[in-house]
Amino acid sequence: MGSLDFKSEIPKEHEDELVVKYNSRIGAFLFVIYVAAYAGFMALSSFFPERMGGEILFGLNLSVSYGFFLIVLALVLAVIYMKLCKKTGNGGQQS
Amino acid sequence: MIHSSSPVAIIIFLAFISVVLGISFYLGAKAKSSKGYFTAGGTIHWAVNGIAFAGDYLSAASFLGICGMIAFFGYDGFLYSIGYLAGWIVALFIIAEPLKRLGRYTFADALDNKFNSRSIKLTAAISTLVVSIFYLIPQMVGAGALVQPLLGFPHYVGVIIVGLVVITIVVTAGMVSTTWVQFIKGSLLVCLCFVITIMILNRGISTEPKKSDGTPVKIFKHDLSSAEVIPLPGDAQRELIPPSEGWVDKPYVRILDKTSGEVSVWRKEEGDKYFETQTMVAYKDGRKMANGKPHGKGEGQGDLSPVGYAYALPGGVKETGPLGPLSFIQTMQSSNVILWGSDKIMEQDGTATTVYYQRPSPGSDFMTPGSSPTFKKVRSKKLTDKLDFLSLMLALFCGTASLPHILIRYYTVKDQISARKSTVVGIAAIGFFYVLTLFLGLGAMTSGTMDVSDSNMAAPLLARSFNELLFSIISAVAFTTVLGTVSGLIMAASGAVAHDIMSNYLKIDMDDFQKVRSAKFASIAVGLLAIILGILFAKMNVNFLVGWAFNIAASSNLPALVMLLFWSKTTKEGISSAILVGMLSSLSWILLSAQAYKDVYGIDPAMAIVPFSQPAIVTIPLGFLVLIVVSLFTQKKPQTI
């Protein structure tokens, strides 16, 4: 760790404003989907806790099923986002 | 409980420490520039960074805290898993790419990109320091909890060891080595937990579990009638001790064995049923008695017994045999398990008796939200009682994307696409781990090896229920996980001091040597502070402490980050005010909460000033509100020509 040059320049990434805007919109849309699912879980757990014990899927109760669903949904949405996003600097092709 | 160490455990532990330090010295020598030191030169591959995210994030809280909470209370611990993972959605969809676009070395860089404001630099740096320190405490507590059974050292020795090793890592190396250490331990942790999950499923659930050496686990007496427990007047062997002082109006009876002089305590439940308890008596002179005997492992001494078994399984069987993942959870939902609660009884001479009592609990109860003291109010009918739960879930959701040591990891990859891809890899690894936590926690609950006095030990002791080697390996991996997370936090804190405060805010003119030295001094100071706090907070569940860190991070950093990105009228004054108000309000709220009264100050929690312990539901909106109001009042007037 010879030098700590805080002023050194970092090469700036080339950005296409349209691509950035497109990706942000996709991100915001998927974010809203997840927020809705997460809010549903919070609401059910808070206001209808007795419902969380009922069996729903494969003999699992609602609390476990919904918990697993939220974890899997996060991954699924993340993969969808990666597929839909466009890459900056290649003419707006998908990454 | 007193845990014994083994030579194998010590050898594996030392081997892991040596490898971690070796990596740090080797790679640290390559980090020659500030860019190399703070951000690994932006050269880390996205896949490596993604797993390093997991290594950084899956800390003592995730591994020890969540598993411990599930093992002690059931599903409520899994709520943390859900919340921690959900937070990554905010990171991926909202924060990752803009942060990579705007920032350079630290979180303050991104916030200050548009304004070049000294107040933003200062407030963001202070916020980074506060959040890092709050996040450091549970990591240090977890390290102490691990070293205790592994090496046989007291808790504080574990905290000091981890503190000194981490200070060495950070002072000698930078982000390159931290990343690779986190990558290796992240991979190892997820893989090992997967292996243990398979072993849990293969073993199934039993009402009479055995230890790894084949000896049966002690089954505590339960459902006895008063005639079987309470001696009659004139009994030559036993005598009922009349309730006095703290024992009055408590559901316990104390029986004195006249021959041995030992006192046994029984808990009276509904239907006049009596359940055997365990006790730890601490006298004012420092002596301790465990289950009626002087505390120790020697001749004539006693210790708390390991616990954790099913009380009744579906179909009345004694053991299920191997189970699939779904049938394992189905079986737990339909079983009754003996969980354990605790009660502290004080006497006038200063003697404190902790009674650990059996809580026969049906799966229909502990596999739904609200079975733990933390979340029990979620089952209340009052709206205000539910706010604690809602507030914590909000903090977990918003907190991940506001943690400084996670945010700086976005600067270690070359571009925005890599930032996005590494987040997706991180979500996959972390999500998989969090699914496993439910199996690990429930497996520990029925492993027969749990320590009633320490929930943080559930996961390593679960491994010990299979064999000593697995216990040694998982403890060593968990310990290196703590090292990696703590290194990341100290990196973030030293960056805030050296880069944000000294160089950018105070504009101290330093040559390279002085800059390096100040970064190292900052690391040493934060490391020493972490050691002290880790010792002071030794008895708190690490998961709860992390919840506080998330609250502070989300309240101070998220409103500023989000509004900077999405509201064009945001001003520098608005950002500084939001950080300051969010941080101070959440910190004050936490310090005035019932949980702090009980666990930090040791006073009656009913005297707490604030109505619930988790502040996020109030302080995050407050941060947004302050930012909007201050920004509207500090808009630049249009220039007239």
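Buried means under 20% relative accessible area, exposed means over 50%, and partly exposed is anything in between. Keep those cut-offs handy for the exercises below, and remember that this is a predicted model.

**Exercise 1. Sort the two residues of the B:Lys268–B:Asp272 salt bridge: is each one buried, partly exposed or exposed?**

Step 1. Start with the link itself: the side chains of B:Lys268 and B:Asp272 form a salt bridge, with 3.7 Å from N to O.

Step 2. B:Lys268 has a relative accessible area of 41%, so this lysine is partly exposed.

Step 3. B:Asp272 comes out at 34% relative accessibility and therefore also counts as partly exposed.

**Exercise 2. Do the same sorting for B:Asp303 and B:Lys297: which is buried and which is exposed?**

Step 1. Again there's a salt bridge between the two side chains, this time at 3.8 Å, N to O.

Step 2. B:Asp303 has a relative accessible area of 13%, so the aspartate goes in the buried bin.

Step 3. B:Lys297 reaches 58%, so the lysine is exposed. This pair, then, joins a buried aspartate to an exposed lysine.

**Exercise 3. Work out which parts of chain B are tied together by the salt bridge between B:Arg409 and B:Asp56.**

Step 1. Check the bridge: the two side chains meet at 3.6 Å, N to O.

Step 2. Place both ends. B:Arg409 sits in the loop between α14 (404–407) and α15 of chain B, while B:Asp56 belongs to helix α3 (residues 46–57), so the bridge ties together parts that are 353 residues apart in sequence.

Step 3. Look at accessibility. B:Arg409 is buried, at 0%, and B:Asp56 is buried too, at 1%.

Step 4. For the wider view, a search of the whole structure turns up 11 salt bridges over all chains.

**Exercise 4. Describe how domain 1 and domain 2 of chain B meet.**

Step 1. Get the bounds. The domain assignment gives domain 1 as 7–27 + 34–205 + 395–539, and domain 2 as 226–384. The contact takes 27 residues from domain 1 of chain B and 36 residues from domain 2 of chain B.

Step 2. Find the separation: the C-alpha centres of the two domains are 35 Å apart.

Step 3. Put a size on the interface. The size of an interface is often given as the accessible area lost when the parts come together. Here, domain 1 and domain 2 of chain B bury about 2500 Å² between them, with 72% of it on carbon and sulfur atoms.

Step 4. Pick out the big contributors in domain 1 of chain B. B:Phe73, B:Ile205 and B:Val452 lose the most area to domain 2 of chain B, and together they make up 29% of what that side buries.

Step 5. Count the polar links. Between the two domains there are zero salt bridges, but 11 residue pairs are in polar contact across the interface, with both residues at pLDDT 80 or more.

Step 6. Ask which elements do the touching. On the side of domain 1 of chain B that touches domain 2 of chain B, α4 (60–73), α5 (76–102), α9 (175–203) and α15 (416–445) each give two or more residues. Helix α15(B) gives the most to that side, with five residues.

**Exercise 5. Find the surroundings of B:Thr571: what does this residue contact beyond its neighbours within four places in sequence?**

Step 1. Locate B:Thr571 in the loop between α19 (542–566) and α20 (572–591) of chain B.

Step 2. With a relative accessible area of 9%, B:Thr571 is buried.

Step 3. List the partners: B:Phe115, B:Val630, B:Ser631, B:Thr634 and B:Gln635. One of them, B:Thr634, makes a side-chain polar contact of 2.8 Å with B:Thr571.

**Exercise 6. Do the same for B:Ala463: where does it lie, and is it buried or exposed?**

Step 1. B:Ala463 is part of helix α16 (residues 458–464) of chain B.

Step 2. Its relative accessible area is 0%, so B:Ala463 is buried.

Step 3. Leaving out residues up to four places away in sequence, B:Ala463 touches B:Ile196, B:Leu470, B:Phe471 and B:Ile474.

**Exercise 7. Sketch chain A, and say where its pLDDT stays under 50.**

Step 1. Chain A has two helices and two strands, running α-β-β-α from the N terminus on.

Step 2. Of its 95 residues, 40% count as buried.

Step 3. Chain A averages a pLDDT of 80, and 75% of the residues score at least 70. The stretch under 50 is residues 1–10.

How values were computed:
Residues numbered from 1 in each chain as written. Chains lettered and ligands numbered in written order. Heavy atoms only, no water. pLDDT = per-residue confidence, 0-100. Contact = heavy atoms within 4.5 Å. Helix = DSSP H or I, 4+ residues; strand = E, 2+ residues; numbered from the N terminus. Buried < 20%, exposed > 50% of the residue type's maximum accessible area, 1.4 Å probe, protein only. Domains from an automatic or database assignment. Buried area = accessible area lost by both parts, 1.4 Å probe. Salt bridge = Lys/Arg side-chain N within 4 Å of Asp/Glu carboxyl O. Polar contact = N/O pair within 3.5 Å; in protein donor to acceptor, adjacent residues only side chain to side chain.
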